[in-house]
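Me: Please take a close look at a single part of this structure, the sheet, and set out how the rest of the chain is arranged around it. A connected account would be preferred to a list.

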Amino acid sequence: MTYDGPILDNHFHLNRNGLCLNAAKEFQKAGGTHLVLVHCPDFSAPPTTRQGHHDTYLDTINIAQDVRDATDLHVRVVLGPHPAAFAHQFVKWVEQDGDIGKERAIENYRHSIDAALHFVNEGQAQAIGEVGRP
């Protein structure tokens, strides 16, 4: 029996500072046909504003288009706040500013979801994901 259906990676991160397109090309070379590109934040400097989230999500959408242009892979995009990035940010802000830091972290989390929803509603991303506790 031979399988000739799709080969999907449902949680694929690409980073411009890493292998990026080469990783997608290697996946295709190994037989991959579909991938779900999940947003990967810059852990050293995660966004702290609604516009910052918008800009980093837009870069993920642009990476997805670059993959489509460079390969035959079917690409879907998932955007959302990465739990580990937010955990570090939350702890740092609460330690620095107590309740004010907590409110700032909650507001930033909401901004990240709002920015992701914008792209889902525009049809540029297919889902909100990788949210929750690390």
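Reply: The account below begins with the sheet, then turns to the helices, the core and some individual residues.

The model is a predicted one. Its protein chain contains three helices and four strands, and from the N terminus the elements follow the order β-α-β-α-β-α-β. The C-alpha trace spans about 60 × 30 × 25 Å along its principal axes.

The four strands form an open sheet in the order E1-E2-E3-E4, with parallel pairing. Strand E1 (8–12) and strand E4 (127–128) stand at the edges; each has a single partner strand, so one side of each lacks a neighbour in the sheet.

The pairings can be followed across the sheet. Three bridges join E1 to strand E2 (residues 34–38) in the parallel sense, and here Phe12 stands opposite Leu37 of E2. E2 in turn runs parallel to strand E3 (residues 74–79), to which five bridges join it; in this pairing Leu35 is opposite Val75 of E3. E3 and E4 also run parallel and are joined by two bridges, with Leu79 opposite Ile128 of E4.

The connections between the strands come next. From E1 the chain crosses through H1 to E2, and this β-α-β crossover is right-handed. Helix H1 (residues 21–29) lies across E1 and E2 and runs at about 160° to E1. A right-handed β-α-β unit is likewise made by E2, helix H2 (residues 50–70) and E3.

H2 merits separate attention. With 21 residues at 1.5 Å a residue, H2 should span 30 Å, and this agrees with its end C-alpha atoms, which are 30 Å apart. The buried residues of H2 are Gly52, His53, Tyr57, Thr60, Ile61, Ile63, Ala64 and Val67. The cover over these buried residues of H2 includes H1, E2, E3 and H3.

The sheet and the helices meet in the nonpolar core. The largest such core has 21 residues, and those with the most contacts inside it are Leu14, Leu35, Leu37, Val67, Leu73, Val75 and Leu79. At least two residues of this core come from each of H1, E2, H2, E3 and helix H3 (83–121). H2 gives the most to this core, with five residues.

Leu37 of E2 illustrates how these parts come together. Setting aside residues up to four places away in sequence, Leu37 touches Phe12, His13, Leu14, Thr60, Ile63, Ala64, Val75, Arg76, Val77 and Val78. Among these contacts, Phe12 is the residue that stands opposite Leu37 in the pairing of E1 with E2, while Thr60, Ile63 and Ala64 are among the buried residues of H2.

For the chain as a whole, 35% of the 134 residues count as buried. Of the contacts with a separation of 6 or more, 71% are between residues 24 or more positions apart.

A polar residue outside the sheet may be considered next. Gln89 is placed in helix H3. Gln89 counts as buried because its relative accessibility is 7%, below the 20% cut-off. Apart from residues up to four places away in sequence, Gln89 touches Pro46, Pro47, Thr48 and Asn108.

Two residues call for comment on their backbone. Most residues other than glycine have a negative phi. Cys20, although not a glycine, has a positive phi of about 45°. Cys20 lies in the loop between E1 and H1, within the right-handed crossover from E1 through H1 to E2, and is buried with a relative accessible area of 10%. Glu130 is the other case: its phi is near 55°, a positive value in a residue other than glycine. Glu130 is placed in the segment after E4, and at 24% relative accessibility Glu130 counts as partly exposed.

In short, the part requested is an open sheet with parallel pairing in the order E1-E2-E3-E4. Its link from E1 to E2 is a right-handed crossover through H1, and E2, H2 and E3 make a right-handed unit. H1, E2, H2, E3 and H3 each supply at least two residues to the largest nonpolar core.

Note on methods
Residues are numbered from 1 along each chain as its sequence is written. This is a predicted model: local features need pLDDT of at least 70, side-chain atom pairs count only at pLDDT 80 or more; totals for chains, interfaces and linings use all residues. Side-chain values use heavy atoms; hydrogens and water are left out. Two strands pair if DSSP finds at least two bridges between them. Contact means heavy atoms within 4.5 Å. Axes are lines fitted to C-alpha atoms, for helices over the stretch in contact, and angles run from 0 to 180 degrees between N-to-C directions. A crossover is right-handed if, with the strands pointing away from the viewer, the path from the first strand over the helix to the second runs clockwise. A nonpolar core is a set of buried Ala, Val, Leu, Ile, Met, Phe, Trp, Tyr and Cys residues joined through side-chain atoms within 4.5 Å. Buried means under 20% relative accessible area, exposed over 50%, partly exposed in between (1.4 Å probe, protein chains only). The expected span of a helix is 1.5 Å times one less than its number of residues.
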